[in-house]
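Please prepare a short briefing on the protein chain shown below, suitable for a reader in the first year of study. It should be grouped by topic and written in whole sentences.

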Amino acid sequence: MTLTELKYIVAVAREKHFGHAAEACFVAQPTLSVAIKKLEDELGVVIFERGGTEVSVTPLGAQIVAQAERVLEQTAAIKEIANQNKDPLSGPLRLGIIYTIGPYLLPSLVKTMIERVPQMPLILQENFTTRLIELLRQGELDAAIMALPFPEHGLNVLPLYDEEFMVALPRQHKWAERKEIDARELKTETMLLLGNGHCFRDQVLEVCPEMSRFSTNGDGIARTFEGSSLETIRHMVSSGIGVTVLPRASIPDANTRDGMVRYVPFVAPAPSRRVVIAWRKSFTRQAAIDAVHQAVLACNLNGVQMLTDETAITA
């Protein structure tokens, strides 16, 4: 049994597909498949049920995968213990960030980090929240910037900032000159949402429950279309296809009258999300986390409320 084999079974359990798991592990599919079959033969159990288009985990396999995740997390902790005597601000920091925050925070954050701690370059990865949490637990990432809430995984969490949501409308929309919009009004509109897997989609559906009832009888929104990114959706709005909800930091200037999109606030209290940085309890480079925290506070993000007096909690 090897750590590599454990990484492979965790990846397959997550992806439910051998090919996708191999891509995530940067190996050829035959290599991954042979390694997993070798592990199953060694243990004398079947971890995965093969058949059809999707791989499923057996009940006993689920217990083995859960233990493998714990082993990988403890392996990362061993490496961090070995690094305790090193300069916490020396060497790369592997930082994850979710797709709906990265494009708007990273340009300013990276520039600030280069100015303040040039000896600690950032190795960045954008991904979904669930994937970033897995990479944190496996020691593949040191920290991740995400939005609450997310599943409990025993991570340390430090709040960074709060940002409100706004409604984005085509310039010619009947609400374009409105001062504010009630979330309940959106059920009459054609809504543009991010696809499944994006936590921002779930946050929008949570604060605007009318959007989650996809019907044509007046009880839910009229129609919905899904996009792969906030920028794709913004261009769809500018083309007049529908309306959407965007986080405030993604809007360069909410008061601009140029362009094809108008941005209108929600009726107070406006829906919002809290952005945090998360890391393993065993991660020993606390000064590196503090450096990222201070760099984020120094970033010039439009319309967000920076949280300067918060302390770390355990998620």
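In this predicted model, Y161 of strand β6 has M306 of strand β12 as its bridge partner. β6 and β12 (residues 305–306) run antiparallel and are joined by two bridges. The points below begin with the other partners of β6 and then turn to enclosed and open spaces, individual residues, backbone geometry and confidence.

**Strand β6 and its partners**

- Strand β6 covers residues 156–170, and 14 of its 15 residues are buried, so that the strand is mostly covered.
- β6 pairs with strand β11 (residues 272–279) in the antiparallel sense, over eight bridges. Within this pairing, R274 of β11 stands opposite D162.
- Strand β10 (residues 261–265) is antiparallel to β6 and is joined to it by five bridges. Here P170 faces V261 of β10, the two residues standing opposite each other.
- β9 also runs antiparallel to β6, with four bridges between them. L246 in β9 stands opposite M166.

**The largest cavity**

- A search of the whole structure yields three cavities of 30 Å³ or more. The largest cavity holds about 60 Å³ of space.
- Which elements each supply at least two residues of its lining? They are β7 (190–194), α7 (199–207), α8 (230–238) and β9 (244–247).
- Among the lining residues are L192, F200, R201, V204, I233 and T244. L246, the residue opposite M166 of β6, also lines the largest cavity.
- By class, the lining of this cavity has nine nonpolar residues, one polar residue and one charged residue.

**The second largest pocket**

- The second largest pocket contains about 270 Å³ of space.
- Its lining is made up of 13 residues, and those nearest its centre are A24, F26, R131, L135 and E140.
- α1 (3–15), α2 (18–25), β4 (122–127) and α6 (129–137) each contribute at least two lining residues. The largest share, four residues, is supplied by α1.
- The lining divides into six nonpolar, three polar and four charged residues.

**Two individual residues**

- Is S250 buried or exposed? S250 has a relative accessible area of 3%, which is under the 20% cut-off, and therefore counts as buried.
- S250 lies in the loop between β9 and β10. Apart from neighbours within four places in sequence, S250 is in contact with Y104, L230 and R234. One of these contacts, L230, is also a lining residue of the largest cavity.
- P107 belongs to helix α5 (residues 102–116). P107 counts as exposed because its relative accessibility of 54% is over the 50% cut-off.
- P107 and C299 are separated by 192 residues in sequence, while their C-alpha atoms are 9.3 Å apart in space.

**Backbone geometry**

- Most peptide bonds are trans, and most residues other than glycine have a negative phi.
- The bond joining L148 and P149 is a cis peptide bond, with omega about 0 degrees. P149 is located in the loop between β5 (143–147) and β6.
- A cis peptide bond is also found from A268 to P269, where omega is near -5 degrees. P269 is located in the loop between β10 and β11.
- K16 is not a glycine, yet its phi is positive, near 60 degrees. K16 sits in the loop between α1 and α2. K16 is partly exposed because its relative accessible area of 32% falls between the cut-offs of 20% and 50%.
- F26 likewise has a positive phi, about 60 degrees, without being a glycine. F26 occupies a place in the loop between α2 and α3 (29–43). With 78% relative accessibility, F26 counts as exposed, and F26 is among the residues nearest the centre of the second largest pocket.

**Confidence in the model**

- The average pLDDT of the protein chain is 85, and 88% of the residues score at least 70.
- Over residues 214–222, pLDDT stays under 50. For residues 214–222, the model has 24 contacts beyond four places in sequence.

How values were computed: Residues are numbered from 1 along each chain as its sequence is written. This is a predicted model: local features need pLDDT of at least 70, side-chain atom pairs count only at pLDDT 80 or more; totals for chains, interfaces and linings use all residues. Side-chain values use heavy atoms; hydrogens and water are left out. On a 1 Å grid over the protein atoms alone, a cavity is a set of points where a 1.4 Å probe fits but cannot get out, and a pocket is an open set with protein on both sides within 12 Å along at least five of seven lines; lining residues have an atom within 4 Å of a point. Grid points are joined across faces, edges and corners, and a volume is the space filled by probe spheres set on the points. Ala, Val, Leu, Ile, Met, Phe, Trp, Tyr, Cys and Pro count as nonpolar, Asp, Glu, Lys and Arg as charged, and the others, Gly among them, as polar. pLDDT is the predictor's confidence in each residue, from 0 to 100. Contact means heavy atoms within 4.5 Å. Buried means under 20% relative accessible area, exposed over 50%, partly exposed in between (1.4 Å probe, protein chains only). Two strands pair if DSSP finds at least two bridges between them.
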